[in-house]
Amino acid sequence: MPKTYTPIATTTLGSNSTSVSFTSISGNYTDLVLVASPTTLANGEQFTMTFNSDTSSNYSATYLTGNGTTATSHRRNTQSNIIVDYYGAVDTTVKTVYIFNIQNYSNTTTNKTILITSRTGYAAESNVALYRSTSAITTITLAGATFTTGSTFTLYGIKAA
Amino acid sequence: MANTYEAIATVTVGSGGAATMAFSSIPATYTDLVLKMSLRYSASGPQDMRLTFNGNTSAVYSMRSINAAGSGTPGSASETAQTSTWLGSLQGVTASTFNNMELYIPNYTSTTTAKSISTDNVNEANQTDARSFLVAQLWNPATQAAISILSISVASGTFVQYSNATLYGIKNS
C-alpha cells in the first residue's frame, strides 16, 4: 500500500462546540477524505458543510435516503451550504459515521464534487454535493449543530501518485 | 511519512469452503478499521449475511438500510435488538461472480461508546435480482468494549473458494 493516506489533522472535542474547522489545508494531495464520528447536544441535529468560509449560493446536493421504512431521493439547489444528510441526523449518545470524499480539491479550474456517506441511527444515506467554485479548498467548516465532547473529526490527504 | 492505512490480515477461503470468515486478536493500535471483501456463497438464491463482534450474540445489534435492485422502487428496512447485524445479501446465481463489500468502523477501540458501522454492499450479476445495499449498523453491548474479533457468516451455504476479506487499520496520526 503506497503511503498516500496521510492524516492532515484530527480534532477530538474536549468540550461542546458549534463548529469544527480545518484551515490552511495544503494543496499537496489529490483528494481529501474527512471521517467524522460526532454526537450532538440534542437528538436529531443536522449539520452543514461549507468551504473557504463561502456562504454564497454555490452549493447543491442530491440525497439518497433510507430511513428504515421507505427509500427516497431529494435535491437542494443554489444553497448557502451543504446539509450533510437529508433524513439522517446526529444523536446525543450514539456516535454516527460520516465519510466525505472530496475529489480534486486543490485544482483551480473546475468545481468541486463531494461524495458523502452518512450512516446514522436515523437513516442510511449516500449523497453527492457540488461546490461551484474553481478555488482550491483550503478551509472546511462543519457547523449548524452543537457537537459534544468526544466527537472526532479527522482529515486525510490522498495522493494519486 | 507515516503509513496510516495498513493491511492487518487477509482471510482467503480454501477449496472446502467456509461457514464463517473471521478476524481475531485485532490489535488496538489503530483509530479506525476498514474491511474490504470479495465474497461468493454456495447456495441458490439471495442469502443474508450477518456480522458479530467479539463473539457477542446478545440482542444488542440494530441497523437501517436502503437497497436497490435496478427496477421498481428502492426499499428501506430496519432491525432492532438482534443477536447479529445484517450486512445485506449475497447473490450466487451467476458463475464466477463475486460480491463486493466494504465496512468502515470508526473508533473501534473505544471502551465507552457504542460502535457505529457503515457498510456498502454491491452485487452486479447480469440478471434481474442484482442489488446494492447501503447499511448503517450499531453494536451497543451492555458493557462497551474494543472490537477484537469480527465474524461474518451467511444464512445458508458456505463462502466458496477464492472468497477473501482484508482488514485494514487506519491511524489518525
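What percentage of the 173 residues in chain B is buried? Keep that in mind while going through the views below, which all come from a predicted model.

**View 1. Chain B as a whole, burial and overall dimensions.** Buried residues come to 42% of the 173 in this chain. Lay the C-alpha trace of chain B along its principal axes and the span is about 45 × 35 × 30 Å. The radius of gyration is 16 Å, and since a compact globule of 173 residues would have one near 16 Å, chain B agrees with that expectation.

**View 2. Strands and contacts in chain B.** There are 12 strands here and zero helices, so to speak a β-β-β-β-β-β-β-β-β-β-β-β run from the N terminus on. Look at the contacts with a separation of 6 or more, and 80% of them turn out to join residues 24 or more positions apart.

**View 3. A four-stranded open sheet in chain B.** The order across this sheet is E2-E11-E4-E7, with antiparallel pairing. Its edges are strand E2 (20-23) and strand E7 (85-90), each of which pairs on one side only. On average, neighbouring strands of the sheet are turned by 20° against each other, direction ignored. As background, strands of a sheet pair through backbone hydrogen bonds, either parallel or antiparallel.

**View 4. Zooming in on E4 and E7 of chain B.** Strand E4 (residues 47-53) pairs with E7(B) in the antiparallel sense, over four bridges. Which residue of E7(B) stands opposite Arg50(B)? That's Trp86(B).

How values were computed:
Residues numbered from 1 in each chain as written. Chains lettered and ligands numbered in written order. Predicted model: local features only at pLDDT ≥ 70, side-chain atom pairs only at ≥ 80, totals over all residues. Helix = DSSP H or I, 4+ residues; strand = E, 2+ residues; numbered from the N terminus. Rg over C-alpha atoms; globule rule 2.2 N^0.38 Å. Buried ≥ 20, exposed ≤ 12 C-beta atoms within 10 Å, placed from the backbone. Contact = placed C-beta atoms within 7 Å. Pairing = 2+ DSSP bridges. Axes fitted to C-alpha atoms, helices over the stretch in contact; angles between N-to-C directions.
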